[in-house]
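I opened this notebook page to record what I looked up in the structure. The entries follow the order in which I worked.

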Amino acid sequence: MVNRIAVIGGGTMGRGIAYTAAISGFEVTLQDISTEAVEIAREYIEALLGKSRENGYVQQHQEIWAKKNLYYTTELQKAVSKADLVIEAVPEIIELKIEVFKQLDKYAPAHAVLATNTSTMSPTEIAASTTRPDQCIAMHFFNPVHQMKLIEIIRGLDTSGETIEIVKQAAEKMGKVPVEVNEFPGFVTSRMNCLIGNEAMNMLMEGVASIEDIDKAIKYGLNHPMGPLELADLVGLDTRLRNMEYLYRHLGEKYRPSPILVKYVKAGRLGRKSGRGFYDYS
Ligand code: NAD
């Protein structure tokens, strides 16, 4: 039974997961190593709570609960010491995730389930750094977390059936639809979505159409809710590049990151998070 959730990493995904868990009745602690990131996450969540209440997305009791039961910290040990479920949302770097999982294993209660929100990577490899691989799993949320219904649940080699049930129940309590996916790089969604985005970037580089027209074509012709370039900006181009690099390493040539993606990241044009990506948000 999950009552307390700790979210590690308060960036694009972590703050969305913390908000969604809090309005769903969990007690939540959001941790980030950066004081600035914690403050940005707090402001984002408070603004979203106010907006959600105004437009009827959350009821008054949910807002009151979330305000009382959401904590913020930079200290990992404090964040996880009473958690039943820990959801890690630090950058998509395997060495970093392994290091964080070692810390989670050390400081989280023995019964706690440790979940990674990785978009592409092997939960088995991440779990292998812990003494509880049976309680480790991947729980892949989507962006924006409060709006997207899906959570891909990926069991590692040693993940127990009980762990799967625990995260499924937590996902359902958050109003999400969990699907079980076998472990393979990129699972179902990132494997598909990264290819679409990369192809759009290659088309842009080849001069096939403008940024706006590529997005319009995919939105209105293929009925996607967002164009692939605006979606990449929402995801974060640094995150998308890390996803592509991992898939390229594990699945081969088809996933070679588009040179334009590499160039944008080098320029610091990371999408919405930096104010400029394929589009200008300033
Ligand atoms: P992000 O860069 O927006 O945020 C990452 C946060 O982690 C930052 O605030 C950073 O300060 C913090 N951090 C770094 N090292 C840390 C540590 N050791 N301990 C605690 N915090 C630390 O990244 P993001 O887009 O939120 O991605 C996080 C994870 O979620 C990645 O694995 C990514 O692949 C996955 N994901 C991202 C999306 C998306 O649309 N952005 C969607 C699904 C899954």
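I took two residues to be in contact if their C-beta atoms, placed from the backbone, lie within 7 Å. I also noted at the outset that this is a predicted model.

**Entry 1. Domains**

I began with the division of the protein chain, which gives domain 1 (4-181) and domain 2 (191-273). By the contact criterion, eight residues of domain 1 meet nine residues of domain 2. I sorted the domain 1 side of this contact by class and recorded three nonpolar, four polar and one charged residues. I then took the centres of the two domains over C-alpha atoms and found 26 Å between them.

I checked the UniProt record, an unreviewed entry, which places "domain: 3-hydroxyacyl-CoA dehydrogenase NAD binding" at residues 5-183. Over residues 5-183 I noted 44% helix and 21% strand. The C-alpha atoms at the two ends of that stretch are 24 Å apart.

**Entry 2. The shell around the ligand**

I next asked which residues are closest to the ligand. The shell holds 30 residues, and the closest are Gly-9, Gly-11, Met-13, Ser-119 and Asn-143. Helix 1 (12-23), helix 5 (94-107) and helix 11 (237-251) are the elements that give two or more residues to this shell. Helix 1 gives the most, with three residues. Each of domain 1 and domain 2 supplies at least three residues to the shell. By class, I recorded 12 nonpolar, 15 polar and three charged residues in the shell.

I compared this with the "binding site" positions in UniProt, again from an unreviewed entry; among them are Gly-9, Gly-11, Thr-12, Asp-32, Asn-143 and Lys-273. I chose Thr-12 and Asp-32 for a separate look.

**Entry 3. Thr-12, Asp-32 and Ala-37**

I located Thr-12 in helix 1. Is Thr-12 buried or exposed? Thr-12 is buried, because 20 other C-beta atoms lie within 10 Å and the cut-off for a buried residue is 20 or more. Leaving out residues up to four places away in sequence, I listed Asn-143, Gly-236 and Lys-273 as the contacts of Thr-12.

I found Asp-32 in the loop between strand 2 (27-31) and helix 2. Asp-32 has 25 other C-beta atoms within 10 Å and is therefore buried. Beyond its neighbours within four places in sequence, the contacts of Asp-32 include Gly-9, Gly-10, Gly-14 and Thr-74, as well as Ala-37.

That last contact led me to Ala-37, which is placed in helix 2 (residues 35-54). I counted 19 C-beta neighbours inside 10 Å, so Ala-37 is classed as partly exposed. With residues up to four places away set aside, Ala-37 touches Gly-10, Gly-11 and Asp-32. I also checked Ala-37 against Ala-6: the two are 31 residues apart in sequence, and their C-alpha atoms are 16 Å apart in space.

**Entry 4. Strand 7 and its partners**

I turned finally to strand 7 (residues 150-155). Why is this strand described as largely enclosed by the rest of the structure? The reason is that five of its six residues are buried.

Strand 7 is joined to strand 6 (residues 136-140) by four bridges, and the two run antiparallel. As one bridge pair, I noted Ile-137 with Arg-155 in strand 7. Strand 7 is also joined to strand 8 (residues 177-181), here by five bridges and in a parallel arrangement. For this pairing I recorded Ile-151, whose bridge partner in strand 8 is Pro-178.

Definitions and conventions
Residues numbered from 1 in each chain as written. Predicted model: local features only at pLDDT ≥ 70, side-chain atom pairs only at ≥ 80, totals over all residues. Buried ≥ 20, exposed ≤ 12 C-beta atoms within 10 Å, placed from the backbone. Near = placed C-beta within 6 Å. Nonpolar A, V, L, I, M, F, W, Y, C, P; charged D, E, K, R; others polar. Domains from an automatic or database assignment. UniProt positions renumbered as here; feature names shortened; annotations may be inferred. Pairing = 2+ DSSP bridges.
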